[in-house]
Amino acid sequence: MLAELQDIKKHYNQVLSGRQKPVLDGVSLRIGKNESIAVTGPSGSGKTTLLNILGTLDTADSGSVILNGRNVIDLSEPELARLRNGFIGFVFQLHFLLPQLSLIGNVLLPLLPLKDKQARKAGHERAMQLIERVGLKDLVNQKPSGLSVGECQRAAVVRALVNKPALLLADEPTGSLDAETAARLGILLTELKNEEGISMVVVTHSPELAARMDKIYSLGSGKLLPINKA
Ligand SMILES: Nc1ncnc2c1ncn2[C@@H]1O[C@H](COP(=O)(O)OP(=O)(O)OP(=O)(O)O)[C@@H](O)[C@H]1O
Ligand SMILES: [Mg+2]
């Protein structure tokens with residue numbers, strides 16, 4: 001297994017009532033190498049929470065997160081940081097591009113910690129290829145304020161892929177795209193899975209994008225259940 005969630009439980013304390021609101025109530029998920037998984041479910045069902053826990057950006061109340069064979073609870077902060085930067089590529093629901101940097105500056109951010117010049121150069125070339133494949137070539141010098149939401153979203157996808165992650169976690173990567181651009185991005189993700197053996201967990205409301213993944217799950221009432229593909 002490349003990554004695994006084991007019996008994850010997570011609740012939030014409600015500010016006004018002071019009551020506990022269960023979000024994930026014993027969620028387990030196994031992600032194999034070169035496997036693509038879609039997670040669907042209503043707004044507020046805990047999809048982003050699940051992805052954040054899997055990506056070690058949030059912690060569970062109980063249960064285990066296993067990445068690349070290691071329980072993340074056993075990892076030191078530098079080991080975790082390396083995992084987040086090298087093993088995982090994250091596409092956030094709100095794309096989080098830095099406003100002061102151009103599109104290409106944002107996309108190249110994950111390469112900054114790389115010391116090796118050759119690796120940086122390879123990363124730069126890969127970034128340009130990906131930018132071309134998502135149709136953003138003419139916009140590389142544009143700042144996020146001069147980009148549409150969908151363009152920012154595609155740039156965020158490229159940024160997540162620049163380091164050739166083993167595991168891509170994408171939170172509604174096509175949420176702001178028209179049907180055709182969304183389809184193109186879905187095809188790109190499938191191509192990258194086939195070309196590079198990348199695994200992915202994609203949160204999506206789009207039945208078309210979900211259908212491109214190997215497996216589909218639905219999150220609701222704190223439980224993650226498999227859905228039979230049509
Ligand atoms: N930091 C927080 N404090 C308190 N409650 C939170 C917090 N983060 C999320 N929640 C609550 O947990 C529930 C799940 O949130 P989450 O963002 O995971 O849902 P989601 O499935 O991603 O929804 P959407 O499809 O709208 O993005 C929501 O009811 C939300 O209000
Ligand atoms: Mg969400």
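Which residue stands opposite Val39 in β8? I looked this up first and found Val203.

**Entry: ground rules**

I am working on a predicted model, where local features need pLDDT of at least 70, side-chain atom pairs count only at pLDDT 80 or more, and totals for chains, interfaces and linings use all residues. I number residues from 1 along each chain as its sequence is written, letter chains from A and number ligands from 1 in the order in which they are written, and take side-chain values from heavy atoms, with hydrogens and water left out.

**Entry: strand β3**

I noted that helices (H or I, at least four residues) and strands (E, at least two) are DSSP runs, numbered from the N terminus. Two strands pair if DSSP finds at least two bridges between them. I found that β3 runs parallel to strand β8 (residues 199–203), with four bridges joining them. With β9, β3 also pairs in the parallel sense, over four bridges. In that pairing I see Ile37 opposite Lys215.

Next I looked up how covered β3 is. Buried means under 20% relative accessible area, exposed over 50%, and partly exposed in between (1.4 Å probe, protein chains only). Five of the five residues of β3 are buried. Ser36, Ala38 and Thr40 point one way from the strand, while Ile37 and Val39 point the other way.

**Entry: salt bridges**

I wrote down that side chains of opposite charge can pair when their charged atoms come close. A salt bridge here is a side-chain nitrogen of Lys or Arg within 4 Å of a carboxyl oxygen of Asp or Glu. How many salt bridges does the structure hold? The count is twelve, and I looked up three of them, as follows.

Lys215, already met opposite Ile37, forms a salt bridge with Glu35 at 2.8 Å, N to O. Glu35 lies in the loop between β2 and β3 (36–40) and Lys215 in strand β9 (residues 215–220), so this pair ties together parts that are 180 residues apart in sequence. Is Glu35 buried or exposed? Glu35 is buried, at 13% relative accessible area, whereas Lys215 is partly exposed at 34%.

Asp25 and Lys223 form another salt bridge, their closest N and O atoms being 3.7 Å apart. Because Asp25 is in strand β2 (residues 20–31) and Lys223 in strand β10 (residues 223–227), the pair ties together parts that are 198 residues apart in sequence. I read 34% relative accessible area for Asp25, which is partly exposed. Lys223 is partly exposed too, at 38%.

Arg133 and Glu191 are joined by a salt bridge, with 2.9 Å between the closest N and O atoms. Arg133 belongs to helix α4 (residues 117–133) and Glu191 to helix α6 (residues 179–196), so parts 58 residues apart in sequence are tied together. Arg133 is partly exposed at 36%, and Glu191 is partly exposed at 33%. Salt bridges that share partners join Arg133, Glu191 and Glu195 into one network.

**Entry: the magnesium ion**

Which protein donors does the magnesium ion (ligand 2) have? I found Thr48 (OG1) and Gln93 (OE1), 2.0 to 2.3 Å from the ion. Thr48 lies in helix α1 (residues 47–54) and Gln93 in the loop between β6 (88–91) and α3 (103–107), so the pair ties together parts that are 45 residues apart in sequence. Donors are N, O and S atoms within 2.8 Å of the metal (3.2 Å for Na, K and Ca), and sites may look incomplete because water is not among the atoms. Thr48 is partly exposed, at 27% relative accessibility, and Gln93 is partly exposed at 39%.
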